[in-house]
Amino acid sequence: MRIILLGAPGVGKGTQAAFLSKKAGLPQISTGDIFRHNLKNETPLGKLAKGYMDKGLLVPDEVTINIVQDRLMREDCKYGFILDGFPRTLSQSESLDKVLNEMGSALDCAINFDVADRVIMNRLAGRRVCPNCGKTFHIVYEPPREQGVCDACRTPLTQREDDREETVIKRLHSYHEQTEPLIEHYQRRNLLVNVDAAKPIDAVSAEIEMIIDKIRLSNKEKHLIHKPFDLTAG
Ligand code: AP5
């Protein structure tokens, strides 16, 4: 199954991608995580990405597209993937189609997370992340068992640099200008599924689970329709 998660910063893409990855046994590919990993390791890519991320801007397409193309060619993506935060521009979307075409596959759906901007401000202000294992929390909606400490690895939690209010405003601006047009793009291609992501985390997960089950069923039916009868079978 090949799924993309669309939506503004802070709508819950990462939270649900982690859930879905476990549930469907598919790799979660987050371009934001790839950039942060490079930033942490002070690679040239990390240094380049930081210049854009700190300003709430998108990293240039030619850089991002190459990274995703390489990642999708890996063995673990053979049976599908969850793209979290890619594509974010029409040009990224076109390049994704091209890669999938070369791989002889296609997207199953684009899940669009719908949440008002004022809710997003609140979510990002309360987000805390583990600088060691990357797990995400929220001080109110998904608090760690012990305040300020990661449940998984006991590392003190921190706030993301780009979660400062002034950067979030710029990120939202970039989203509305460059990424939002993708909603219509995928709607026209009959691939868009909208999710009311203003609901609590568990309710959003349940909605996504239903979407995935439906796709699985429809893929199975397509497979049966296209499968020729085996006349030699006993
Ligand atoms: P990236 O890391 O992808 O950031 P983003 O898209 O801005 O998304 P976020 O990670 O901020 O939010 P999310 O939707 O994953 O929400 P989360 O689940 O954490 O990208 C960072 C930067 O990298 C970009 O700004 C750009 O510079 C660059 N970049 C990345 N991809 C790029 C690309 N393709 N092209 C160019 N540049 C790119 O949830 C947020 C908080 O809310 C958490 O605290 C969570 O616990 C809580 N929460 C989640 N769901 C709910 C819920 N239903 N109810 C209540 N709380 C909830």
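**Exercise 1. The ligand shell.** Which of the 36 residues around the ligand come nearest?

*Solution.* The model is a predicted one, in which local features need pLDDT of at least 70 and side-chain atom pairs count only at pLDDT 80 or more, while totals for chains, interfaces and linings use all residues. Residues are numbered from 1 along each chain as its sequence is written, and side-chain values use heavy atoms, with hydrogens and water left out.

Step 1: a residue is near a molecule if one of its heavy atoms lies within 4 Å of it. Among the 36 residues around the ligand, the nearest are Thr-15, Leu-57, Arg-88, Arg-127 and Arg-171.

Step 2: sorted by class, the shell holds 15 nonpolar, eleven polar and ten charged residues, where Ala, Val, Leu, Ile, Met, Phe, Trp, Tyr, Cys and Pro count as nonpolar, Asp, Glu, Lys and Arg as charged, and the others, Gly among them, as polar.

Step 3: helices (H or I, at least four residues) and strands (E, at least two) are DSSP runs numbered from the N terminus. At least two shell residues come from each of helix H1 (13-24), helix H2 (31-40), strand E6 (136-138) and helix H9 (201-226), and H2 gives the most, with four.

**Exercise 2. Atom pairs at the ligand.** List polar contacts to oxygen atoms of the ligand, and state how much of the ligand the protein covers.

*Solution.* Step 1: a polar contact is here a pair of N or O atoms within 3.5 Å. In the side chain of Arg-127, an N or O atom is 2.6 Å from an oxygen atom of the ligand. From the backbone, a polar atom of Gly-14 lies 2.8 Å from a ligand oxygen, and an N or O atom of Gly-10 lies 2.9 Å from one.

Step 2: on its own the ligand has 1,000 Å² of accessible area, of which the protein covers 97%; such areas come from the Shrake-Rupley method with a 1.4 Å probe.

**Exercise 3. The nonpolar cores.** Describe the largest core, then place Ile-111 and Tyr-186 in their surroundings.

*Solution.* Step 1: a nonpolar core is a set of buried Ala, Val, Leu, Ile, Met, Phe, Trp, Tyr and Cys residues joined through side-chain atoms within 4.5 Å, buried meaning under 20% relative accessible area, exposed over 50% and partly exposed in between (1.4 Å probe, protein chains only). The largest has 46 residues, and Leu-96, Ile-111 and Tyr-186 have the most contacts inside it. H9 gives the most to this core, with five residues. A second, separate core of five residues includes Phe-35, Met-53, Val-59 and Ile-67.

Step 2: Ile-111 belongs to strand E4 (residues 109-114) and counts as buried because its relative accessibility is 0%. Apart from neighbours within four places in sequence, Ile-111 is in contact (heavy atoms within 4.5 Å) with residues including Ile-3, Leu-5, Val-193 and Ile-208.

Step 3: with residues up to four places away in sequence not counted, Tyr-186 touches, among others, Ile-4, Pro-87, Leu-96 and Leu-192.

**Exercise 4. Backbone features in loops.** Locate a cis peptide bond and two positive phi values.

*Solution.* Step 1: the peptide bond joining Phe-86 and Pro-87 is cis, with omega about 0°, and Pro-87 is found in the loop between strand E3 (81-84) and H5.

Step 2: Arg-154, although not a glycine, has a positive phi of about 70°; its loop runs between E6 and helix H7 (165-179), and Arg-154 counts as exposed because its relative accessibility is 53%.

Step 3: Asn-190, also a residue other than glycine, has a positive phi near 65°. Asn-190 is found between helix H8 (181-188) and strand E7 (192-196), in a loop, and counts as exposed at 72% relative accessibility.

Note on methods. Polar contact = N/O pair within 3.5 Å; in protein donor to acceptor, adjacent residues only side chain to side chain.
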